[in-house]
Every structure is written in structure tokens, then in C-alpha cells.
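Colleague: Got a minute to go through this one with me? I have a few questions about side chains.

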Amino acid sequence: MLSFPLSMLGRAAALVLLAAGLRSCVAYEYEHEFWLEVDGSGTVFVTGRPEHWATFKGLPRPDADPGALRETARDLFERSGLRVRKVTVTRRDGRPYLFVAADFDDVNRLPGTPAFPDLQIRLAPAGSERLRLEGAWRPPSTSGAARSEGLMAVRFHLPSKVFAHDHAFAGVERGNIVAWRQDLAQGLAGHPLPFGAVMGDRSILNTTVTVFAAAIAGGLGIVARAVYGLLRTGRRRAQAVVVADPRSRGRGPADG
């Protein structure tokens, strides 16, 4: 009952947190950032220079005007079955960067789509109450050997406790973030960027809300019982006063 609204709330918060943290985070030249749910749905942010979009995702005309670039990127993601939330072209140090935010229903269906020819990813059960996330960013065979300075990354905001990871760059960050990165020059030269993690199969947010709701319900129950007890005690005391009052004894309806 709670999963749909909580999922939508989490994705809306993701956009807000991204906007708030862009200036404080490491600036990547090419990045995939996933906000994942335990059912495999989620939101992905892809940011990169137009020429890197052209190299890794086959986006044409890296020198196109911003309006045409946005429309081409939107079409690429919509043809891949995602619901595009935002497409924009920003500038950093005088250079353009294309940013796309889009929702998906199943992360396992992303590989091989027009928007993700450079991504292999799989989320599957891994024993009791565990999920295994694994895959790799892998450049298409047509990616050339051009050189460029800077870093590229694949990052995940996971919805539950992280029990293990495959050599994430900074370990588990802020409790549930794992990231892998390499020099962009390595990616352009054809080097893959593998990733993997094991997490719980229950959302921390859902569990927290459930516990919080149960605590509120329990507290309200205690208050209700206390109020009921006070009312009963009050009625008993009132009856005891009536019985103990001598003036109330031996009187009938006609007594004056």
C-alpha cells in the first residue's frame, strides 16, 4: 500500500537532492547515477559532454544547438521505455553538458536499449532477504581511442542496507551510496567499469515508515486506554460519592 507513494516521493526528493548537491560533489565528465528501489524500478540521471554522449550512446550531432540536443536525448530515452522527467543543457567552465533524468520500471530491462548501449546491469535475488546488483559500464566497440581529461562514474543510491560491494571507490557512503569511477581516458580507450553490491530486499524507507506508523498507532492506543480508564474511574468515584452521601439514603420520590 505504501510502496507507490513512497517511491514517487523518493524520486522527487532525488531531483531536489541532486540539484542541491551538484556544486559540492566531484564533477564527472560522464556519469550514470541511479536511485534504485528494491522492486527494480527507479530513476536514472545521466550527465556528460555532448561528444561523450555521441561516442558512448550514439547520440548524433554533438555540436547541435541546445534545443535540438535536448529533443534528440528525450527521444532516445522515450524510445527505450523510460519516462523522461527532465532534459537540460548546462555549462561548466564554459563547456556544455547534457543532463537527462528519467524513470524506469525495471532496471533489468535497460541494457541493450537505444539509451543504454554502454551499460550492463542486473538486479536479482541472492539468498534469504538479499538482492545482488551487478554489471558493468562497457563502451561500445565503436568508441574510438580519443583522449579526454577528467573522471567518469557509475553511482547507486540503494534503498536498503548494503551488506557487501565489489570494491566501490569510497566504500559505502552516507549509509547507502556506492560508486565506481575511472579516468575518462580509460573509458574512451575501451576499458569497462565493473560494479556490484549486495543489499537487503526491504526498503529502509518503507520499514522506517511502517515502524513509525506502528509506534504512532501504539501511542494512540495507550492514550485511548488511559482516557478510557480515567473516565471509568471518574464514573466510579461519582457513584461512590452518591452512595456515601447520607442525604441520598431513604429518600423516595415524594420525600421533601
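**Charged pairs**

Colleague: Asp105 first: buried, exposed or partly exposed?

Modeller: Asp105 is partly exposed, with a relative accessible area of 48%. Bear in mind that this is a predicted model.

Colleague: Which residue does Asp105 form a salt bridge with?

Modeller: Its partner is Arg83, and the closest N and O atoms are 3.1 Å apart. Arg83 sits in strand S3 (residues 83-92) and Asp105 in the loop between strand S4 (95-104) and strand S5 (119-125), so the salt bridge ties together parts 22 residues apart in sequence.

Colleague: And how accessible is Arg83?

Modeller: Arg83 has 37% relative accessibility, so it counts as partly exposed.

Colleague: Changing topic, what does Glu134 pair with?

Modeller: Glu134 forms a salt bridge with Arg122, with 3.6 Å between the closest N and O atoms. Glu134 belongs to strand S6 (residues 130-137) and Arg122 to strand S5, so parts 12 residues apart in sequence are tied together. Relative accessibility is 29% for Glu134 and 46% for Arg122.

Colleague: What about Arg132, which side chain does it meet?

Modeller: That of Asp166, in a salt bridge at 2.6 Å, N to O. The two are 34 residues apart, with Arg132 in strand S6 and Asp166 in the loop between strand S8 (162-165) and strand S9 (177-183).

Colleague: Which residues do shared partners join into a network?

Modeller: Glu29, Arg49, Glu51, Arg92 and Arg95 are joined into one network by salt bridges that share partners.

Colleague: How many salt bridges in the whole structure?

Modeller: The search finds 14.

Terms used: Residues are numbered from 1 along each chain as its sequence is written. This is a predicted model: local features need pLDDT of at least 70, side-chain atom pairs count only at pLDDT 80 or more; totals for chains, interfaces and linings use all residues. Side-chain values use heavy atoms; hydrogens and water are left out. A salt bridge is a side-chain nitrogen of Lys or Arg within 4 Å of a carboxyl oxygen of Asp or Glu. Helices (H or I, at least four residues) and strands (E, at least two) are DSSP runs, numbered from the N terminus. Buried means under 20% relative accessible area, exposed over 50%, partly exposed in between (1.4 Å probe, protein chains only).
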